[in-house]
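Trainee: I have a model open and want to go through its packing, its sheet and its charged pairs. Can we take it step by step?

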Amino acid sequence: LSMCDKHITYKQCLKEVADLNGISVTFMCKPFTDSTGSGCHIHLSLWDKKTDKNVFVGDLSKGRLKGCSQEFLWFLGGWIDKTPELFPFFAPTINSYKRFVSASWAPTKLAWSFDNRTAGFRIVGSGNSLRIEMRICGSDVNPYLAFAGSLAAGLDGIKNQINPPNPTDDDIYTTENLKTVPVSLEQAIA
């Protein structure tokens, strides 16, 4: 929750400083079609308050990922599974969808990989720094909705033991047979 507060405070401060200097700042995801857009990557891990340990750490391996727990895999599975339903939280405006273009550094498919920046779900770190980076949200996201939806989806994955699809280590933009992200707000809410 404090990260969401910081996100909102940061944006508000930038707007006020810009205004004091006679300029404006935008948090549109893609204000210009000839350049990459602006994302808001969410990094999540779960911690046990009693032991102060990262719940995602374990002795399982999946693809190039080593040292994860079953809870990690289920959390990831739930998050990926529920992402299409949560897309209006992750990409809330018509402009948000202009980012989702192949080879634009914005993810276009629902896939995960270890340290692969073409994946919508990039796994980074090891040991207590192991976490999931969700790269789908744009700079226009409401962080409270995105974090709440992400956490709920991951916890649902643990509760219902939802396994993630197999990891993809290739360039995900060119990998076939992967589910794509919605390409419009209309598609996301359908």
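Mentor: What follows is a set of questions and answers on this predicted model.

Trainee: Which element gives the most residues to the largest nonpolar core?

Mentor: That core has 34 residues. Strands E1, E5, E7 and E8 and helices H2 and H3 each give two or more residues to it. The top contributor, with nine residues, is H2.

Trainee: Which residues have the most contacts inside the core?

Mentor: Look among the 34 residues of the largest nonpolar core. Those with the most contacts inside it are Phe72, Trp79, Phe121 and Ile132.

Trainee: What does Trp79 touch, not counting residues up to four places away in sequence?

Mentor: Trp79 is among the residues with the most contacts inside the core. Its partners include Ser150, Ala153 and Gly154. The others are Ile42, Leu44, Phe90, Phe121, Ile132 and Met134.

Trainee: Which strands stand at the edges of the four-stranded sheet?

Mentor: The sheet is open, its pairing is mixed, and its order is E1-E8-E7-E6. An edge strand here has a single partner, so one side of it is left without a neighbour in the sheet. That applies to E1 and E6.

Trainee: By how many degrees are neighbouring strands of this sheet turned against each other on average?

Mentor: Take the neighbours in the order E1-E8-E7-E6. With direction ignored, the average turn is 25 degrees.

Trainee: Do E6 and E7 run parallel or antiparallel?

Mentor: Strands of a sheet pair through backbone hydrogen bonds, in either of the two ways. Three bridges join E6 to E7. The two strands run parallel.

Trainee: At what angle to E1 does H3 run?

Mentor: H3 covers residues 143–159. This helix lies across E1 and E8. Its angle to E1 is about 40 degrees.

Trainee: Is Ser113 buried or exposed?

Mentor: Ser113 sits in strand E6, residues 112–114. Leaving aside neighbours within four places in sequence, its contacts include Arg64, Phe121, Thr168 and Asp169. The cut-off for buried is under 20% relative accessible area. At 0% relative accessibility, Ser113 therefore counts as buried.

Trainee: Which residue of E7 stands opposite Ser113?

Mentor: Ser113 belongs to E6, and E6 is joined to E7 by three bridges. Ser113 is also in contact with Ala119, Arg122 and Ile123, among others. The one standing opposite is Arg122.

Trainee: How far apart are the closest N and O atoms of Glu133 and Arg122?

Mentor: Glu133 lies in strand E8 and Arg122 in strand E7, so their salt bridge ties together parts 11 residues apart in sequence. Both residues are buried. Their closest N and O atoms are 2.6 Å apart.

Trainee: Which residues are linked with Glu133 in a network of salt bridges?

Mentor: Glu133 forms a salt bridge with Arg122. Glu133 also meets Arg135, at 3.9 Å from N to O. Arg135 is buried because its relative accessible area is 5%, and Glu133 is buried at 4%. The residues linked with Glu133 are Asp115, Arg122 and Arg135.

Trainee: How many residues apart are Lys82 and Asp156?

Mentor: Their side chains meet in a salt bridge, 3.3 Å from N to O. Asp156 counts as partly exposed, because its relative accessibility is 22%. The pair links distant parts of the chain, with Lys82 in H2 and Asp156 in H3. The separation is 74 residues.

Terms used. Residues numbered from 1 in each chain as written. Predicted model: local features only at pLDDT ≥ 70, side-chain atom pairs only at ≥ 80, totals over all residues. Heavy atoms only, no water. Core = buried A, V, L, I, M, F, W, Y, C linked by side-chain atoms within 4.5 Å. Buried < 20%, exposed > 50% of the residue type's maximum accessible area, 1.4 Å probe, protein only. Contact = heavy atoms within 4.5 Å. Salt bridge = Lys/Arg side-chain N within 4 Å of Asp/Glu carboxyl O. Pairing = 2+ DSSP bridges. Axes fitted to C-alpha atoms, helices over the stretch in contact; angles between N-to-C directions.
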